Amino acid sequence: MSRRPAILFVCTGNICRSPLAEAAFRAAATRCGLDAVVDSAGTGDWHTGEPPDRRAQEVARRNGIDIAGYRARMVTAEDFRTFTHIVALDHTHLKVLRARRPSDGIAELSLLLDHVAGRVGQSVADPYYGQARDFHTTWADVQAGTEALVARLIRSR
């Protein structure tokens with residue numbers, strides 16, 4: 001890989017799934033010694049400047065990660081030029097990203113669970129309207145996806 005990987009995780013409002021994916025990726029990359037840039041964003045601007053959902057913060061905290069300082073933002077055209085990988089958490093996000101991708105965008109687009117054997121094409125379920133336990137399921141999915149993505153990036157170095 002010729003340049004330092006830069007990964008952007010994208011969900012709807014950037015307060016549940018994508019900040020959890022960002023946190024899980026940071027932890028996996030640190031454990032594996034992968035030097036990468038990582039961030040998260042949303043397809044919409046409803047929560048811009050807000051911290052992650054309290055339930056997302058709690059599940060991250062239970063897994064030893066503090067995401068209270070994260071702040072929601074919306075994906076920008078510049079993100080397609082600066083990130084090497086933009087990873088969507090579900091099919092709707094991927095569709096929006098494909099539509100917004102500028103002609104000079106360099107980012108590889110994918111679904112997070114496409115990186116997990118046997119889960120290609122699957123979406124990470126949105127826990128927002130669910131219960132606290134749904135955030136644990138989301139955490140397990142983003143952890144599996146980010147571990148697999150880190151392993152792929154290490155193999156491609």
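In this predicted model, Ile-7 stands opposite His-85 of strand S3, and this pair is a convenient place to enter the sheet. Ile-7 lies in strand S1, which covers residues 6–11, and S1 is joined to S3 by four bridges, with the two strands running parallel. S1 is also joined to S2, in this case by six bridges and again in the parallel sense, and within that pairing Val-10 stands opposite Ala-41 of S2. Beyond S3 comes S4, paired with S3 over four bridges in the parallel sense, and here Ile-86 stands opposite Leu-109 of S4.

Taken together, these pairings give an open sheet of four strands in the order S2-S1-S3-S4, with parallel pairing. The edges are formed by S2, residues 37–42, and S4, residues 108–111, and because each of these has a single partner strand, one side of each is left without a neighbour in the sheet. From one strand to the next, the twist averages 20°.

In a regular strand the side chains alternate between the two faces of the sheet. Strand S3 can be read with this in mind, since both of its faces are covered: His-85 and Val-87 are buried on one side, and Ile-86 and Ala-88 are buried on the other. Two of these residues have already appeared in the pairings, His-85 opposite Ile-7 and Ile-86 opposite Leu-109.

Ala-88 leads on to another residue, because it is among the contacts of His-93, together with Val-10, Cys-11, Thr-12, Arg-17 and Thr-43, when residues up to four places away in sequence are not counted. His-93 has its place in helix H4, which covers residues 91–100, and its relative accessible area is 1%, so it counts as buried, the limit being under 20%.

We now turn to the helices, beginning with H5. Helix H5, residues 132–155, packs on the sheet and touches S1, S3 and S4, and its direction makes about 155° with that of S1.

Two packed helices are described by the angle between their axes and the distance between the axes. For helix H1, residues 17–32, and H5, the axes come within 8 Å and cross at roughly 45°, which makes H1 oblique to H5. This crossing is right-handed. On the H1 side the contact includes Leu-20, Ala-24, Phe-25 and Ala-28, and on the H5 side the residues include Phe-135, Trp-139, Val-142 and Leu-149. Arg-17 of H1 also belongs to this contact, and Arg-17 is one of the residues that His-93 touches. By class, the contact of H1 with H5 has 15 nonpolar, three polar and three charged residues.

Helix H2, residues 54–62, also packs with H5, at an angle of about 55° and with the axes 9 Å apart, and the two helices are therefore oblique to each other. The crossing of H2 and H5 is right-handed. Here Arg-55, Ala-56, Val-59 and Arg-62 of H2 meet Phe-135, His-136 and Trp-139 of H5, and the residues of this contact divide into four nonpolar, one polar and two charged. Phe-135 and Trp-139 thus take part in the contact of H5 with H2 as well as in its contact with H1.

Definitions and conventions
Residues numbered from 1 in each chain as written. Predicted model: local features only at pLDDT ≥ 70, side-chain atom pairs only at ≥ 80, totals over all residues. Heavy atoms only, no water. Pairing = 2+ DSSP bridges. Axes fitted to C-alpha atoms, helices over the stretch in contact; angles between N-to-C directions. Contact = heavy atoms within 4.5 Å. Parallel < 35°, antiparallel > 145°, perpendicular 65-115°, else oblique. Left-handed = near helix turned anticlockwise from the far one by under 90°. Nonpolar A, V, L, I, M, F, W, Y, C, P; charged D, E, K, R; others polar. Buried < 20%, exposed > 50% of the residue type's maximum accessible area, 1.4 Å probe, protein only.
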